[in-house]
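Visitor: Hi, I'm new to this one. Could you walk me through it?

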2 protein chains.
Amino acid sequence: MATRTDSLTLEVVELIGAVVARYHEEYDRAAAEHSLTGAQARVLGLLSLEPLPMRKIALRLKCEPSNVTGIIDRLETRGLVERRPDPADRRVKLAAATEEGRRTARELRDALDFAREPLAGLSDAERTVLRDLLRRMLGEETP
Amino acid sequence: MATRTDSLTLEVVELIGAVVARYHEEYDRAAAEHSLTGAQARVLGLLSLEPLPMRKIALRLKCEPSNVTGIIDRLETRGLVERRPDPADRRVKLAAATEEGRRTARELRDALDFAREPLAGLSDAERTVLRDLLRRMLGEETP
DNA sequence: ACCGATTTACTTGACAGCATGAAATATTCA
DNA sequence: TGAATATTTCATGCTGTCAAGTAAATCGGT
């Protein structure tokens, strides 16, 4: 298709690349302020909502379960996360954020300027348009 | 500010997170098809446009120069990149894509479906709107 | 114009984190 | 009992940082 060579599409792709870079910068910067890596911050964010079995963390991160072991190890060492047995299945271990972990996750969310700064210049109407375009891009038809 | 708690903004931020995840999936998948890591693919893409001194690669990647040494080492081992002296300054080494490197970079770009698939559902008018919104988000006022 | 001190470019080595894959253990389920 | 599942451990490779080292350019004072 002509899609690839068309200059408008190329520019949009380039802009998306810039957004991706910016997103990571902000995310890693916010994480580093709490001496966390990006991966640790991401997992802590997940666990601040609900405890999860290791297996499901791996699914969300799209990585091997053996990798999650190490990430949870580091968070656990720092007292941000704890492992609990799952009463329903003694094979699984639930990773849960501790009180301190939840607090850190909250501070992390608050420190993430990405939500505020770049979007601040857009009106509500523009954000709605952007939301709908992104939804369509991602193939989730507007419900 | 109310910006953070407003649900429209939150949804847009979440969608951007999804775009970021999708972007990486596609990028890493395309790179893996050529047995390259994401970082290697990124550097090869840069060098396929023009040779660059190690220092500038580090600037573009926002990482330490010592890190670039290893990435270029691996690409050089595979014959995709070569180091050349800079005639103007004997301290600097220019990394340049070889013929095979440029070919791989081209195949990589062609295999990157991100440009086609998610944008394919959008009309030209919609892409223009998206482009302008992204530009404003990134703070580059439309020239 | 020269020379020593500083700065710049790159590399090396040590170390931590993320990621994979294979093998081991414990538990569940058919 | 035997197959499947959840987690961990181990070996390995890549990315990233930082500190130290080498080589080359540049600057300032004479």
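Guide: Sure, we'll go through the two chains, the DNA strands and some helix packing.

Visitor: Anything to know before we start?

Guide: This is a predicted model, where local features need pLDDT of at least 70, side-chain atom pairs count only at pLDDT 80 or more, and totals for chains, interfaces and linings use all residues. Residues are numbered from 1 along each chain as its sequence is written, chains are lettered from A and ligands numbered from 1 in the order in which they are written, and side-chain values use heavy atoms, with hydrogens and water left out.

Visitor: OK. What rotation superposes chain B on chain A?

Guide: A rotation of 180°, with 0.0 Å of shift along its axis, and the RMSD is 0.0 Å. That is the relation of a two-fold axis. The superposition is by least squares on the C-alpha atoms of residues with pLDDT of at least 70 in both copies.

Visitor: Which residue of chain B comes closest to the rotation axis?

Guide: B:Val20, with its C-alpha at 2.7 Å.

Visitor: And how do the copies meet?

Guide: Through the same surface, because 100% of the interface residues of chain B are also interface residues in chain A.

Visitor: Switching to DNA. How many residues surround DNA strand D?

Guide: 22 residues do, and the closest are A:Arg55, A:Arg83, B:Thr37, B:Ser66 and B:Arg74. Of the strand D atoms that come within 4 Å of the protein, 79% belong to sugar and phosphate. "Near" here asks for a heavy atom of the residue within 4 Å of the strand.

Visitor: What kinds of residues are those, by class?

Guide: The surface near DNA strand D has 7 nonpolar, 6 polar and 9 charged residues. Ala, Val, Leu, Ile, Met, Phe, Trp, Tyr, Cys and Pro count as nonpolar, Asp, Glu, Lys and Arg as charged, and the others, Gly among them, as polar.

Visitor: Which element gives the most to the surface near strand D?

Guide: H4(B), with 4 residues. Helices H3 (54-61) and H4 (65-77) of chain A, and H2 (38-49), H4 (65-77) and strand E3 (89-97) of chain B, each supply at least two. Those labels are DSSP runs numbered from the N terminus: helices are H or I with at least four residues, strands are E with at least two.

Visitor: Any specific polar contacts with strand D?

Guide: A few. The side chain of A:Arg91 has an N or O atom 2.9 Å from a base oxygen of DNA strand D. Phosphate oxygens of strand D also come into play: one is 3.0 Å from a backbone N or O atom of A:Lys93, and one is 3.0 Å from a polar side-chain atom of B:Asn67. A polar contact is a pair of N or O atoms within 3.5 Å; within protein, one must be able to donate a hydrogen and the other to accept it, and residues adjacent in sequence count only if both atoms are side-chain atoms.

Visitor: And which residues come nearest to strand C?

Guide: A:Thr37, A:Glu64, A:Arg74, B:Arg55 and B:Arg83, out of 23 residues around DNA strand C. For strand C, sugar and phosphate make up 77% of the atoms that come within 4 Å of the protein. H4(A) gives the most to that surface, with 4 residues.

Visitor: What's B:Arg55 up to there?

Guide: A polar backbone atom of B:Arg55 is 2.5 Å from a phosphate oxygen of DNA strand C. B:Arg83 uses an N or O atom of its side chain, 2.8 Å from a phosphate oxygen of the strand, and B:Thr69 has a polar side-chain atom 2.9 Å from one.

Visitor: Now the helices. At what angle do H1 and H2 of chain A pack?

Guide: About 85°, with the axes of H1 (residues 7-32) and H2 (residues 38-49) 9 Å apart. That makes H1(A) roughly perpendicular to H2(A). Axes are lines fitted to C-alpha atoms, for helices over the stretch in contact, and angles run from 0 to 180 degrees between N-to-C directions. Under 35 degrees counts as roughly parallel, over 145 as roughly antiparallel, 65 to 115 as roughly perpendicular and the rest as oblique.

Visitor: Which residues meet there?

Guide: A:Tyr27, A:Asp28 and A:Ala31 of H1(A) meet A:Gly38, A:Ala41 and A:Arg42 of H2(A). Contact means heavy atoms within 4.5 Å.

Visitor: What about H2(A) and H4(A)?

Guide: H2(A) and H4(A) pack at about 80°, with axes 10 Å apart, and are therefore roughly perpendicular to each other. Their contact divides into 7 nonpolar, 1 polar and 1 charged residues.
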